[in-house]
Amino acid sequence: MNSSALTAAKMRFLRTRFSFPYNLFVHAKFSEKTSKINEESYRNFSSKKNEPFFITTPIFYVNAEPHIGHVYTAVLADSSARFHQLIGCNPVVFSTGTDEHGLKIQQASLQANKDPSQFCDQVSVLFKNALDKCEIGYTDYIRTTEIRHKENVHSFWKILLDKGYIYKGKYEGWYCTADETFVSEDQTTLVKLPDGKEQRVSTESSRPVEWFSEENYLFKLSKLRGELLKWLISGPVVRPVRHYNLVKSWLEHDLIDLSISRPRARLSWGIPVPEDPSQTIYVWLDALLNYMTVAKHSHSEMNVWPPSIHVIGKDILKFHSIYWPAFLLAAGFDPPKCLLVHGHWMVNEQKMSKTTGNVVSPQTCIDIATATGLRYFLLHEGVPASDGNFSMTRLVRIANSDLADGLGNLVNRCCGKSLNPLQTRLAVSPSSFEVCGSPGLELLDLLRRTPDIVYEEYLQWNFYKGIDQIMALVRGANGFFNTMEPWKLKKEGQMDTFNATMAVTMETARVVGTLLQPIVPSYSERLLDKLGVPRENRGWDFARLQSSTADASLGVQETLR
Ligand code: MSP
């Protein structure tokens, strides 16, 4: 299928909603473990059948519109949520949403000449729509301006206060509004602007910093270094390993107390400190608590705390690996089980930025290659441990060659009326493969090996490797079909071999469709519908050869594009 046909074949949006009965949030005590940290040991941390799985994306700042970097974070989390649902985790709670308070948003709304709450409403819905279009099956879309969130932030603040972790003091130092973070003098650099003036910037992000000197509330972060280290070495809580090592290196030095409020006069757009409305709560404390607000409102009979995985970009590692577990440990809650840190998408090897004008909008990609094409590309090309390079040409090429020409073609050939006039999926068993001789046995071997490898790769966040395995199976099936030449077999009346060829090809396509569900959900749904696979037979247990004794009717869907 060419790119225009691909564009025409826009996938019907499938919004999977997982809903659960309501339950109150209770916390368990964090227990120290000392297992060796390596990629393998993650398996022990992963949720299993009938266990809860709680996964989150970061919540997105509403000062700019969604781009493909945001979508990548969400697609990674979505694919993992869908995979864990397929393997029987229950409940699966999956949250995303928008981060709407803070100086950055206050300034952006001022610049847009809008009231901040109206401004947030407008941009938050853009994120929601973009995520919906990309088939992100979240169970909760949280906005930090919601009442339920404010209530949670207040009750958490009171716990920290009661436990003696908050005190009033004077904060003096550099603040980077674009990053909403405090930076020490040695983390800043003086740069020369084009007009000759000097500007101090954060060395890490190259964004401007300002000097603040004010009264505010401080959090006793310095007291928590030991506890944080214990958490860090308790398992593979930060992945990939190089990010784990980075956090470990941060924890080798003393931590300084953290300012967690700003005078209301300077920052009005935020949650006021309980019983001291002259101060506004620091936006990162407010934002990180979104995960807990979601857990409290997860409508689950089971306690879903602590989060199984926070999916985050590399730029927000410090907030999630130091501040967040420190807040939780101080308040007596379990820290997250795991942080999955991913790299950033670049465009032509350059950072995406409004100033460079190279920001790629998900809608542009969807218009050209469909949401399925975009998801497939991001997961096929994205290696969480490194940065990725985006190219529209490559997106179209990959979606076409793998999905349309590879898998779509396979399904359409064995389901087409010319070879399959009765529109049936024929009964299949290992002997069907044997009937086809060595091409059949080779395919049977590949079909038997693929699901377990894909399972391991998905579990290890190597979606790109899982996809490669699936595509090797698709190529194997297409090669098998071409070698068997079923159109000739039919003409020559070799009906046993013809029927076996058709049965084997359709069975392989069924397994492929089942395995691809976390990656391209609506495409897989249409594929399985086309093959007439009952909905209750789409779990991970069915992602392997299923012998059957009776034929099944194909679905009535049109050609798979
Ligand atoms: N609001 C904070 C997160 C608070 S979570 C309690 C924030 N928002 S953000 O909108 O700036 O970024 C959201 C996520 O998008 C982050 O994980 C960030 O790393 C990710 N990305 C931003 N640009 C990206 C790319 N170019 N590529 C991949 N991910 C990118 O940070």
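Which side chain does Glu227 meet in a salt bridge? The partner is Lys230, at 3.4 Å from N to O. Keep that pair in mind. I will come back to it. One caution before we go on: this is a predicted model.

Let's start with the inside. In soluble globular proteins, nonpolar side chains tend to be buried together. Here, the largest nonpolar core holds 169 residues. Six of them touch the most other members: Phe156, Phe219, Val238, Ile260, Tyr282 and Phe327. And which helix gives this core its largest share? That is helix α11, residues 317-331, with 11 residues.

Take Phe219 as an example. Leave out residues up to four places away in sequence. Phe219 still touches Leu160, Tyr165, Leu224, Asp257, Leu258, Ile260, Ala326, Phe327 and Ala330. Look again at Ile260 and Phe327 in that list. Both are also among the six residues that touch the most other core members.

Next, the aromatic rings. A pair of aromatic rings is described by the distance of the centres and the angle of the planes. A search of the whole structure finds 27 aromatic pairs. I will show you two.

The first example is Phe60 with Phe127. Their ring centres are 5.3 Å apart. Their planes meet at 5°, so this pair is stacked. Where do the two residues sit? Phe60 is in strand β2, residues 60-61. Phe127 is in helix α5, residues 116-133. They are 67 residues apart, so this pair links distant parts of the chain. Phe60 and Phe127 are both buried.

The second example is Phe83 with Trp540. Here the centres are 5.2 Å apart, with 85° between the planes. That makes the pair edge-to-face. Phe83 lies in helix α3, residues 68-86. Trp540 lies in the loop between α19 (521-530) and β21 (552-553). Along the chain they are 457 residues apart. Are these two buried or exposed? Phe83 is buried, with a relative accessible area of 0%. Trp540 is buried too, with 6%. There is more to this pair. Ring pairs link Phe83 and Trp540 with Tyr455, Tyr458, Trp461 and Phe463 into a cluster.

Rings can also have a charge over them. Lys128 lies over the face of Tyr141, 5.7 Å from the ring centre. The charged end of Arg262 sits over the ring of Tyr175, at 5.5 Å from its centre.

Now the salt bridges. Side chains of opposite charge can pair when their charged atoms come close. The count here comes to 24 salt bridges.

Back to Glu227 and Lys230. They are 3 residues apart in helix α7, residues 225-232, which means about one helical turn separates them. Glu227 is partly exposed, at 31% relative accessibility. Lys230 is partly exposed as well, at 34%.

Arg510 and Glu507 also form a salt bridge, with the closest N and O atoms 2.8 Å apart. These two are 3 residues apart in helix α18, residues 495-515, so they too are separated by about one helical turn. What about burial? Arg510 is buried, and Glu507 is buried.

Salt bridges can also share partners. Glu525, Asp529, Arg535 and Arg538 are joined this way into one network.

One last pair: Lys170 and Glu172. Their closest N and O atoms are 4.0 Å apart. Lys170 is exposed, with a relative accessible area of 56%. Glu172 counts as partly exposed, at 46%.

That's my tour. Thank you.

How values were computed
Residues numbered from 1 in each chain as written. Predicted model: local features only at pLDDT ≥ 70, side-chain atom pairs only at ≥ 80, totals over all residues. Heavy atoms only, no water. Core = buried A, V, L, I, M, F, W, Y, C linked by side-chain atoms within 4.5 Å. Buried < 20%, exposed > 50% of the residue type's maximum accessible area, 1.4 Å probe, protein only. Helix = DSSP H or I, 4+ residues; strand = E, 2+ residues; numbered from the N terminus. Contact = heavy atoms within 4.5 Å. Phe/Tyr/Trp six-rings, centres within 6.5 Å; stacked < 30°, edge-to-face > 60°. Lys NZ or Arg CZ within 6 Å of the ring centre and 35° of its normal.
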